[in-house]
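Let us walk through this structure step by step. Keep the sequence and the 3D view side by side.

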Amino acid sequence: MSTIKDSKLASVGKDEVNWAQRQMQVLEDIKLDFEKRKPLDGLNIGACMHVTKETANLMLTLQSAGANVALCASNPLSTKDSVAAYLADSGVAVHAIHGVSNEDFFKHLNSVLDTKPDITMDDGADLVSLLHTDRADLPVMGSMEETTTGVIRLKSMEKNNKLRFPVVAVNDSDTKHLFDNRFGTGQSAMDGVVRATDLLIAGLNVVVIGFGDCGKGVAERAYGMGAKVTVVEPNSVRALEALMHGYEVKSSVNAAKIADVIVSVTGNMHALDKQHFDVMKDGVALANAGHFDVEINLKALKEYSSSVERVRDHVDSYKYNDKEILVLAEGRLVNLAAATGHPASVMDMSFANQALAAEWIKDNYKTLEPKVYTLPKEVDLKIAATKLGLMGGELEVLTEEQIKYLDSWEHGTS
Ligand SMILES: NC(=O)c1ccc[n+]([C@@H]2O[C@H](COP(=O)([O-])OP(=O)(O)OC[C@H]3O[C@@H](n4cnc5c(N)ncnc54)[C@H](O)[C@@H]3O)[C@@H](O)[C@H]2O)c1
């Protein structure tokens, strides 16, 4: 049984999922292989992911491996009801409705856990959290984690000896974070800002808070659209890297003074708070592309604003003293709430990692410890080589002589 908005949306969802699939050939190859081998036959897989057309292709890949799949949303605003309807029609147990209340959101997480999953998959560690609190009675082989924020939570659990089963940090595969976080978040976060506001980015002061993988991508895309980019970053190496890229590097308060648009991607709470609201310009637009809706302190913004009004889809206008502060997508992931998330081509690699991680856990869970693992390097290299070929790139092949030279220590200045 599924909990979805409207089963009649399935045919629209099917077209969307098929459209994404055209760009997901690495995952498609895995699906064809899974169909033959059925490596997950009879296993229950429970996933908490953004319910998008790309995720649908991953769910169908796991299903083709013989798994029974249940899915709930990892964010109430990213669910595409048409995709949920199509997946439900295809035999996946889906518990996701766009814009559900917090209470229903957690009910849906629990519905997935009610299927007693052997393996779980998270985007933000919400299922794993429940599996260590309210549902700690459920046995699982292991889990996979999609995003940086989830991996940070899991590593903290491992450090404090709280983790009770192995987890694969899919985010930490190079073919995930170097591409999905950078190119995926970069493009789709700016897409979300533009769709929500219709602003011309050229000539604006765009401030990017956090210069990690995602922040680098957002800064690059904003710069490419003609923005004057300023970066805020507490890590000195990353801050210097931003400076040498040609961006301004400022403290958060000084950056807030000049910003026309601010995109926060820190994975941290209150990157934007009262001291920043106080100095912002009239009409500034604030967006968050970090995982949770904690980066903009909306509670403080509301408390000190005289009114809040929805002025168009995805844009709330706060009257703050004598100025207007615009908040996009309620401070939730702007790329998923105001746009359609990462392009399928980049999710192809992230989800190829997820699919292979499920099989890796099934094959290895008996010998794994309750720790955070990354997939073996060969998996990364294989996924990258396949994607490179699909995108028309050619890989250089070293000669035996060159391989030997790189392996040796005897050679120096001749
Ligand atoms: N929008 C999406 O679709 C999407 C995709 C992937 C990851 N994410 C999320 O985006 C966030 C960032 O991910 P990442 O992979 O770039 O992480 P990262 O760890 O590589 O980078 C985060 C950066 O933010 C900096 N930072 C921390 N607190 C800060 C603060 N208060 N002010 C300024 N900078 C601060 C850190 O020093 C670090 O350089 C995470 O929450 C992650 O889960 C979102």
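The text below takes the ligand shell, then a sheet, then a hairpin.

This is a predicted model, in which local features need pLDDT of at least 70, side-chain atom pairs count only at pLDDT 80 or more, and totals for chains, interfaces and linings use all residues. Residues are numbered from 1 along each chain as its sequence is written.

Start at the ligand. Around it are 29 residues, where near means a C-beta atom, placed from the backbone, within 6 Å. Gly 210, Gly 212, Cys 214, Gly 267 and Asn 268 come nearest. Elements giving two or more residues to this shell are α7 (148-159), α8 (174-197) and α9 (213-224). Helices are DSSP runs of H or I with at least four residues, strands are E runs of at least two, and both are numbered from the N terminus. The ligand lies between domain 1 (7-176 + 342-390) and domain 2 (183-337), because both give residues to the shell. Those domain bounds come from an automatic or database assignment.

Now find the open sheet. Its 7 strands run in the order β3-β2-β1-β4-β5-β6-β15, with parallel pairing. Two strands pair if DSSP finds at least two bridges between them. β3 (93-95) and β15 (372-373) are the edges; each has a single partner strand, so one side of each lacks a neighbour in the sheet. β1 (residues 44-49) and β4 (residues 119-122) share 4 bridges. Within that pair, Gly 46 is bridged to Thr 120.

Finish at the hairpin. β12 (residues 305-312) runs antiparallel to β13 (residues 315-320), joined by 6 bridges. Ser 305 has Tyr 320 as its bridge partner. Between the strands lie 2 residues, and His 314 in the turn has a positive phi of about 70 degrees.
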